[in-house]
Amino acid sequence: MVSGATNRIMLSGYRVYMALFFLFLAAPLFSAALFAFNDSLFPSLPWKGFTLDWFFNDTEPKLGMFNDRRLLRGLYYSFVIASMVSLLSIFVGTCNAFLFVRCEFRAKNFFYILMVLPLIIPGVILGISILVMASNMANGVENSTGIELEFLRPGLLLVVLGQFSFIATICSLVIIARLKKFDIAMEEAAFNLGASRTRVLRTITLPFLRPALIAAGIVAFLVSFENFNTTLFLVGSEAPLTITMYDRMVKVGSTPVLNAVSFVLILGSALLAVLSIAVQRDPDK
Amino acid sequence: MMVSDGKKLGLFLLFTPFALWIGLLIILPHVGMFILSLKEKVAPRVYEYGLDNYINFIQEPIYWNTLLRTGVMSLLVTVLTLLIGFPVAYYIAKIAGKRSKGALFLLCLIPLWVSDLIRAFGWILLLRETGVVSKSLQSVGLIDTPIEFLYNDATVVMGLIYTVVLFMIVPLVSTLDGMDNEMIEAGYNLGGSRLTVLRRIIVPYAMPGIVAGCIVVFMLTAGSYLTPILLGGKNSSWFTEQIYDQFITRYNWESGAAFGFVLLTFTSFVVWAGLRLSGQTLSSTVAKS
């Protein structure tokens, strides 16, 4: 066997590796967030003192993010899109969970693989394929009837559908994992006591699923909020925040206001992520 | 009879959202994209069917060179991500105490929920010519002139690893978590060295997780857009850039659709080959996590 001393040295080496890894994970987040507080026109060293101007100031050239109309509009659209995507994905995810955990039907395995597939199709391709289909439909209707179907052109609806197409898979997997742990005897007991199907669903099964539903909703919200690849092709005039920020970075160049946005988003995501894990934790564990 | 009808109705009601979702948002769009990729414009508003878009792709070396480059770099990123992520996952699953385990896992997850854009932005601030790393090195006196760390392949690979490493760690932790510690101890007791135990016991056990992680990482890398563009600059030659270019800049949707299909076929082929080589199936790996 290996001697205790070498074991200890190897273990501390291992710990150093872990520390370096987490430093690697944290580095870009810190640099993105910290420069929000630098009193300078550029997000770079040297450090010129602490300021909150990039959040609250209301005059150019140091326009703070909470006074920047376009950024706030982006934030608003991101919220709208993410909320719609979450609701849709939770609904379809729950249906899928019952379908794949409770029902038996032909070619179930094949359909299960179909359900997982959207997760590994590149986001860019999901984006263009949905864009192509919607445009084909809009063009077809316009050519044959002369009616312009505005909602099939790039815009809010297409962004929601594009993101939903793969986020639904994530939600399904989260809810399926929870439903598999459900003890069917609990439902049977309720049936034996004379409860109706809807009542059992409402008072027993859905409360059991609630942590997974909340967690799935939070995950869907975050993934939608941060999505770029799929959204890029489907976006119309209602650009969500990631697209607005990207435009700003490429066209205007980066100013610390982008760091301020990053700081707010990092903080928000971290809080939501902690929340999603907290609700998933079993109280009796 | 009643029960059976009720069950059929239930199955139908549950199947409808699934069918609408997969049918309308996944299958139909891909079929439409495939049909579009077979079209070519011969005159304004006049189209013919043919393989011209694909032939065009094969005849233009810059296109398939970009695809090959994307594929090779994605494989490199996948392998490096596995090498970097496996020890981390093993530490979280097997070495960390019960309490720190959850915290470490959480630390791994937080960057997962922060946008690609912000992460790339953070790296840019660190690595560009006027960035933190270059300035710090100057002030310490290690270098005299500012160094540009951006816009090279090494930085792109590093940025991609950063973006995807969590997708490797999560499936690995969940497989390794299910592994009985006694299996590892038994290996040592039978006289196996660290390397033997790793190679003969741990890795075979973790195989489904390894393959699942590799598939997701490879697909995400090959399909990524932001990281190569922002960290590699305009000439990073990533294949998704070509697709964007055809679609948005040149407005040549037919050829863009063909490129999309080429990417999809190529990545699916690599994943299929990987599954064959490792003796796993899609449902035993990705579908499981």
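**Notebook: helix crossings and the A/B contact**

I started with α5(A) against α12(B), and their crossing is left-handed. Note to self: this is a predicted model. By class, I get seven nonpolar, two polar and no charged residues in the contact of α5(A) with α12(B).

Next I pulled the geometry. Helix α5 of chain A spans residues 123-145 and helix α12 of chain B spans residues 253-278; they pack at about 140°, with 10 Å between their axes. I logged α5(A) as oblique to α12(B), because angles over 145 are what count as roughly antiparallel.

Which residues meet there? From α5(A) I noted A:I125, A:I128 and A:V132. On the α12(B) side I found B:W253, B:G256, B:A257, B:G260, B:L263 and B:L264.

I stayed on α5(A) and looked at its partner within chain A, helix α6 (residues 156-180). The angle is about 135° and the axes are 10 Å apart, so this pair is oblique too. I checked the hand of α5(A) and α6(A), and the crossing is right-handed. For the contact, I listed A:L126, A:G127, A:I130, A:L131 and A:A134 from α5(A). A:L158, A:L161, A:G162, A:S165 and A:F166 come from α6(A). I sorted the residues of this contact into seven nonpolar, three polar and no charged.

Then I took the whole contact between the chains. Chain A puts in 63 residues and chain B puts in 60. Where does the largest share of chain A's side come from? I traced it to helix α1 (residues 4-34) of chain A, with eleven residues. By class, chain A's side comes out as 49 nonpolar, 13 polar and one charged.

On to the largest nonpolar core, which has 153 residues. I looked for the members that touch the most others and got A:I128, A:I130, A:A216, A:A220, B:A89, B:V164 and B:I169. Helix α7 (residues 153-177) of chain B gives this core its largest share, 14 residues. A:I128 was already on my list for α5(A) against α12(B), and A:I130 for α5(A) against α6(A).

I followed up B:V164. Beyond its neighbours within four places in sequence, B:V164 contacts B:V77, B:T81, B:V217, B:L220 and B:T221.

Last stop, A:G268, which sits in helix α11 (residues 256-280) of chain A. Is A:G268 buried or partly exposed? I put A:G268 down as partly exposed, because 15 other C-beta atoms lie within 10 Å and buried takes 20 or more. I also checked A:G268 against A:L222, 46 residues away along the chain, and their C-alpha atoms are 9.3 Å apart.

Conventions:
Residues are numbered from 1 along each chain as its sequence is written. Chains are lettered from A and ligands numbered from 1 in the order in which they are written. This is a predicted model: local features need pLDDT of at least 70, side-chain atom pairs count only at pLDDT 80 or more; totals for chains, interfaces and linings use all residues. Two residues are in contact if their C-beta atoms, placed from the backbone, lie within 7 Å. Helices (H or I, at least four residues) and strands (E, at least two) are DSSP runs, numbered from the N terminus. Ala, Val, Leu, Ile, Met, Phe, Trp, Tyr, Cys and Pro count as nonpolar, Asp, Glu, Lys and Arg as charged, and the others, Gly among them, as polar. A nonpolar core is a set of buried Ala, Val, Leu, Ile, Met, Phe, Trp, Tyr and Cys residues joined through C-beta atoms within 7 Å. A residue is buried if 20 or more other C-beta atoms lie within 10 Å of its own, exposed if 12 or fewer, and partly exposed in between; C-beta atoms are placed from the backbone. Axes are lines fitted to C-alpha atoms, for helices over the stretch in contact, and angles run from 0 to 180 degrees between N-to-C directions. Angles under 35 degrees count as roughly parallel, over 145 as roughly antiparallel, 65 to 115 as roughly perpendicular and the rest as oblique. A crossing is left-handed if the near helix is turned anticlockwise from the far one by less than a right angle, and right-handed if clockwise.
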